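Me: I should like to go through this model element by element, with the reasoning set out for each answer. Please begin with the strand pairings and then turn to the helices.

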Amino acid sequence: MSQLALELINLKKSYGTLEAVKGVTLSIKPGEIFGLLGPNGAGKTSIISIITTLEKPTSGQVKIFGYDVEKDPMETKRRIGVVGQEVVNSGYFDVFEILEFMSGYYGILKNKERIDYIMHKLGLYEHRQKKVKQLSGGMKRRLMVAKALVHKPTLLLLDEPTAGVDITLREDLWAYVRELQQEGMSILLTTHYLMEAQELCRQVGIIDRGQLKFVGPTSQIIEQFSAKKIMIKLRKDRESMAHKTFLKKKDGFFEFQIPSQESMGNLFRDLSLTLEDVEDIKTEQGSLEEAFKQIVSK
Amino acid sequence: MVALWTLFKKEVKRFLKVMMQTIVTPFMSSFLYLIVFGVSLGSKMNDVYAVSYLAFLIPGLMMMGLMNNAFQNSSSSIAVMKFSGDLEDIRVTPLSHHHILIAMGLGSVIRGLTVAVVTYLVGVIFYFMQFNSFLGISHPLVLIYFVLVGGFVFGLLGICIGFWAKSIENMAAFTNFILLPLLYLGGVFVSIETLPAWAKTVSSYNPVLYLINGMRYGVLGVSDEFFSMVVKDLKCFKIYLIKF
């Protein structure tokens, strides 16, 4: 069996003449959180729909722990949990019943212990007898996550799970996602909150108009595609400092922006500065958001 | 099997949660049909194949309620799941298409059967009040067969229409312009033997007619002549199989 949790091999999907996914190849190792990032309409949801068998690929292959989603859909479905973008309103049933039915669909008849554990973890236990329409927006999102976890999946697909939810819930959810990862779960995450993706994901893929523009470690993309800011305060203040990377002077600090991979020493040398000249230095690392903008605007 | 059982259980629980709409409303319409047509008008009508009009009407209403409710159960379930996003939830689980069809079909049979039993009980009470005797079941196995076939076929039809319908309006159109005419013209209220020849020929193409007559044969032991002949043929075939 393959060691990879998820493999996309030259995956293509077209809707008529529109090519939504153009030959995407990437993989996720077991126990890894992978961020699939891209603007709206980039093809992220199409990829997730193919992984979950809701859509058929035009060509290419998707494997989950070595099982092909088209040849062994039952095997792959047992291994994945899906949190979709839309909140599902199962109008007739309460939270516990919904989770009990979900367990049953995965072949688990008596799952009360696991359901209670997840409800406690996600703060749903007090709301277990409420119907979906009686839950707040945040609680509905938590229910979506709980539904995806009742059968202990080994690969969790989170398709913009925090779209439109408040900061507290987002933080709670990400903390739980980290916990799941520590337990060994592999996670594919799509989100528009790039700061959060930067903190959570060690690997990211950036997709734009169906094409995978970058795939690799988050630190590498930041280094490669973003700039860092260096703010220097001199003991003997000057009016200005002539350098191609100079941005502005603010509160006595001279701000420079240099590529992330470039060292501060080079800047000091160019400016003919020594440590004795400097009263204070602040640095601001580049972000995934900057790198993302760089890649997507290309 | 657990997955299939779960979906079946969910389907049954769903209609039990809205009992007013799924059980009480059909009960009321059966009650009204029986009191207006069976008791009131029926007492002024001739017997049909040597049974009272009320007795003739009861199995017809049972089968009509069964098929209509089996259809409504699966079609509304699919439509609601489709519009609420529940269907995608089910499609990402390891439930096969066969599981979905069987579970939803059986869920429909249970709702149809519940309505048929309620109709039968109301009918039996009216029959007892009118004739001071009990209306029993003549052929229980035939009855069970037609309950299962009628409920399951109309449950599956409901699934098809639920998937096909783009809106609730589409579903209402199918129910009002196709399903209800087939049910009402399927021999619930009159025997096709009483119809003019051309209407008899047209009715013979209505599949519902055979299901209603099957139910009538199961309850009363008699039905339209053509159906009794089919039963005789089947009996001969059974004897032939046993002998050889």
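Me: How many bridges join strand E1 (residues 6–15) of chain A to E2(A)?
Reply: Helices (H or I, at least four residues) and strands (E, at least two) are DSSP runs, numbered from the N terminus. Two strands pair if DSSP finds at least two bridges between them. E1(A) and E2(A) run antiparallel, and Lys13(A) stands opposite Val21(A) in E2(A). The number of bridges joining E1(A) to E2(A) is 8.

Me: Before going on, I note that this is a predicted model, in which local features need pLDDT of at least 70, side-chain atom pairs count only at pLDDT 80 or more, and totals for chains, interfaces and linings use all residues. Residues are numbered from 1 along each chain as its sequence is written, chains are lettered from A and ligands numbered from 1 in the order in which they are written, and side-chain values use heavy atoms, with hydrogens and water left out. Which are the edge strands of the open sheet of 4 strands in chain A?
Reply: The order of this sheet is E2-E1-E4-E5 (chain A), and its pairing is antiparallel. An edge strand here pairs on one side only. The edge strands are therefore, in chain A, strand E2 (18–28) and strand E5 (67–68).

Me: Which strands of that sheet does helix H1 (residues 44–51) of chain A touch?
Reply: Axes are lines fitted to C-alpha atoms, for helices over the stretch in contact, and angles run from 0 to 180 degrees between N-to-C directions. The direction of H1(A) makes about 115° with that of E1(A). Contact means heavy atoms within 4.5 Å, and H1(A) packs on the sheet by touching E1, E2 and strand E4 (59–64) of chain A.

Me: In the open sheet of 6 strands in chain A, which strands stand at the edges?
Reply: The strand order is E6-E7-E8-E3-E9-E10 (chain A), with mixed pairing. Each edge strand has a single partner strand, so one side of each is left without a neighbour in the sheet; in chain A these are strand E6 (80–83) and strand E10 (211–217).

Me: What angle does the direction of helix H6 (residues 167–182) of chain A make with that of E8(A)?
Reply: Strand E7 (residues 155–159) and strand E8 (residues 186–190) of chain A pair in the parallel sense over 5 bridges. In E8(A), Thr190(A) is the bridge partner of Asp159(A). H6(A) packs on this sheet, touching strand E3 (33–37), E7 and E8 of chain A, and its direction makes with that of E8(A) an angle of about 150°.

Me: Is strand E13 (residues 253–259) of chain A largely enclosed or left open, and how many of its residues are buried?
Reply: E13(A) pairs antiparallel with strand E11 (residues 227–234) of chain A over 6 bridges, and 4 bridges join strand E12 (residues 246–250) of chain A to E13(A), also antiparallel. Buried means under 20% relative accessible area, exposed over 50% and partly exposed in between (1.4 Å probe, protein chains only). E13(A) is largely enclosed by the rest of the structure, because its buried residues number 5 of the 7.

Me: Which residue in the turn of the hairpin formed by E12(A) and E13(A) has a positive phi?
Reply: The bridge partner of Lys250(A) in E13(A) is Phe253(A). The hairpin has 2 residues between its strands. With a phi of about 50°, the turn residue in question is Asp251(A).

Me: With which residues of chain B is Glu97(A) in contact?
Reply: Glu97(A) is found in helix H3 of chain A and is buried, with a relative accessible area of 10%. Neighbours within four places in sequence being left aside, the contacts of Glu97(A) are Lys13(B) and Lys17(B).

Me: How are H6(B) and H7(B) oriented to each other?
Reply: The axes of helix H6 (residues 140–164) and helix H7 (residues 168–184) of chain B come within 9 Å and cross at roughly 135°. Angles under 35 degrees count as roughly parallel, over 145 as roughly antiparallel, 65 to 115 as roughly perpendicular and the rest as oblique. H6(B) and H7(B) are therefore oblique.

Me: At what angle do the axes of helix H1 (residues 2–17) and helix H3 (residues 53–84) of chain B cross?
Reply: H1(B) and H3(B) are roughly perpendicular to each other. The contact is made by Lys10(B), Glu11(B), Arg14(B) and Phe15(B) of H1(B) and Asn73(B), Ser76(B), Ser77(B) and Met81(B) of H3(B). The two axes come within 11 Å and cross at roughly 95°.
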